[in-house]
Structure formats: structure tokens, C-alpha cells
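Open the model in your viewer and keep the sequence panel in sight. This tour goes from selection to selection and says what is there.

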Amino acid sequence: MSLTRWGFVYLADGADPARDTSIVDTGSCRTVLIGMAAPDQVVDVARRLVDDGAQLIELCGGFGPQWTARVLDAVGHRVPVGAVTYGTESVPGLHALFAPPDA
């Protein structure tokens, strides 16, 4: 079996999964990218991805391991669920992007 359908879910201020969905289709692989504003939206989105044929789901690093586990449980472990991680060398750059203004 080869990977032909998968989803990537990311967090972005103001994103709405009903509106902020993009599809990249190479003819041999279909990737669905879905943005959302809050992590608690991911469970329903993940179920929809699997119901639509996704063989794999990846979550952006903003979700973390607890949300990865929740998504796995929500989809009944029917597909692998992974999460982007960052090495310690990326911490200063992440802090610059996401730290509160007063930090």
C-alpha cells in the first residue's frame, strides 16, 4: 500500500476549518491542509479526514502530545497520527514568533 491521501492540521489565529482548507493533489497523492484557531476543533476535523479516506494525519507543533493522543483515540487508531516537533536549537526562534509582547 502507498500513501495516497493524508491530512495536515495547523493552528492559525482566525482560521476556520470550514473555510480554511486547501487541497494539493499531485495525481498520485492528495494532501488536505486544514487551519483552525483552537486546538479543541481538531477532533471533529480528524474524524472527518479519516471518514473522507485519509490514511495519515499530521498535526502542527502547536498541538503537542496530549492533542495527538486525543486525535488517535478519536479516530479509533484507524490511521497513524503524528505531530511536528522542534529541536532545542529552534527554541529561540519559536519564542520570538509566539512569546507574548511583554515577555
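Two strands count as paired if DSSP finds at least two bridges between them. With that rule, S1 and S4 qualify: they pair in the parallel sense over three bridges. One of the places to look is Phe-8, whose bridge partner in S4 is Glu-58. Keep in mind throughout that this is a predicted model.

**Stop 1: the sheet**

Show the strands as a cartoon. Which order do the five strands take in the open sheet? Read across and you get S2-S3-S1-S4-S5, with mixed pairing. S2 and S5 are the edge strands, each pairing on one side only. Neighbouring strands of the sheet are turned against each other by 20 degrees on average, direction ignored.

**Stop 2: strand S3**

Select residues 30-36, which make up S3. Five of these seven residues are buried, so the strand is largely enclosed by the rest of the structure. In a regular strand, side chains alternate between the two faces of the sheet.

Now add strand S1, residues 5-11. S1 and S3 run parallel and share seven bridges. Zoom in on Arg-5, which stands opposite Arg-30 in S3.

Then add strand S2, residues 21-25. In which sense does S2 pair with S3? The pairing is antiparallel, over five bridges. Two positions are good to label here. Ser-22 stands opposite Leu-33 in S3. Ile-23 stands opposite Val-32 in S3.

**Stop 3: the hairpin turn**

Stay with S2 and S3. They form a hairpin, with four residues between them. Click Gly-27 in the turn: its phi is positive, about 95 degrees.

Next, pick Ser-28, in the loop between S2 and S3. Is Ser-28 buried or exposed? Its relative accessible area is 54%, and the cut-off for exposed is over 50%, so Ser-28 counts as exposed. Leaving aside neighbours within four places in sequence, Ser-28 is in contact with Leu-3 and Thr-4. For a distance check, draw a line from the C-alpha of Ser-28 to that of Tyr-10. The two are 18 residues apart in sequence and 23 Å apart in space.

**Stop 4: the helices over the sheet**

Select helix H1, residues 42-51. H1 lies across S1, S2, S3 and S4. Against S3, H1 runs at about 165 degrees.

Switch to helix H2, residues 64-74. H2 lies across S4 and S5, and runs at about 165 degrees to S5.

**Stop 5: the two sides of H2**

Show side chains on H2. Which residues of H2 are buried? They are Trp-67, Thr-68, Val-71 and Ala-74. These four cover an arc of only 125 degrees around the axis, which puts them on the same side of H2. The general rule for an α-helix is 3.6 residues a turn, so residues three or four places apart point the same way.

What do the buried residues of H2 pack against? Their partners are helix H1, strand S4 (57-59) and strand S5 (81-83).

Rotate to the face of H2 turned away from the buried side. The exposed residues there are Pro-65, Gln-66 and Asp-73.

**Stop 6: after H2**

Step along the chain past the helix. Just after H2 comes Gly-76, with a positive phi of about 65 degrees. Go on to His-77, in the loop between H2 and S5. His-77 has a phi near 55 degrees, a positive value in a residue other than glycine. Its side is open: His-77 is exposed, with a relative accessible area of 51%.

**Stop 7: the cysteines**

Finish by showing the cysteine sulfurs. A disulfide is a covalent bond between the sulfur atoms of two cysteines. How many disulfides does a search of the whole structure find? The count is zero. Select Cys-29, which is in no disulfide. The nearest cysteine sulfur to that of Cys-29 belongs to Cys-60, 19 Å away. A disulfide needs sulfurs within 2.5 Å, so this pair does not qualify.

Are Cys-29 and Cys-60 buried or exposed? Cys-29 counts as buried, at 17% relative accessibility. Cys-60 is buried too, with a relative accessible area of 13%.

Methods: Residues are numbered from 1 along each chain as its sequence is written. This is a predicted model: local features need pLDDT of at least 70, side-chain atom pairs count only at pLDDT 80 or more; totals for chains, interfaces and linings use all residues. Side-chain values use heavy atoms; hydrogens and water are left out. Buried means under 20% relative accessible area, exposed over 50%, partly exposed in between (1.4 Å probe, protein chains only). Helices (H or I, at least four residues) and strands (E, at least two) are DSSP runs, numbered from the N terminus. The arc is that of the directions from the helix axis to the C-beta atoms. Contact means heavy atoms within 4.5 Å. Axes are lines fitted to C-alpha atoms, for helices over the stretch in contact, and angles run from 0 to 180 degrees between N-to-C directions.
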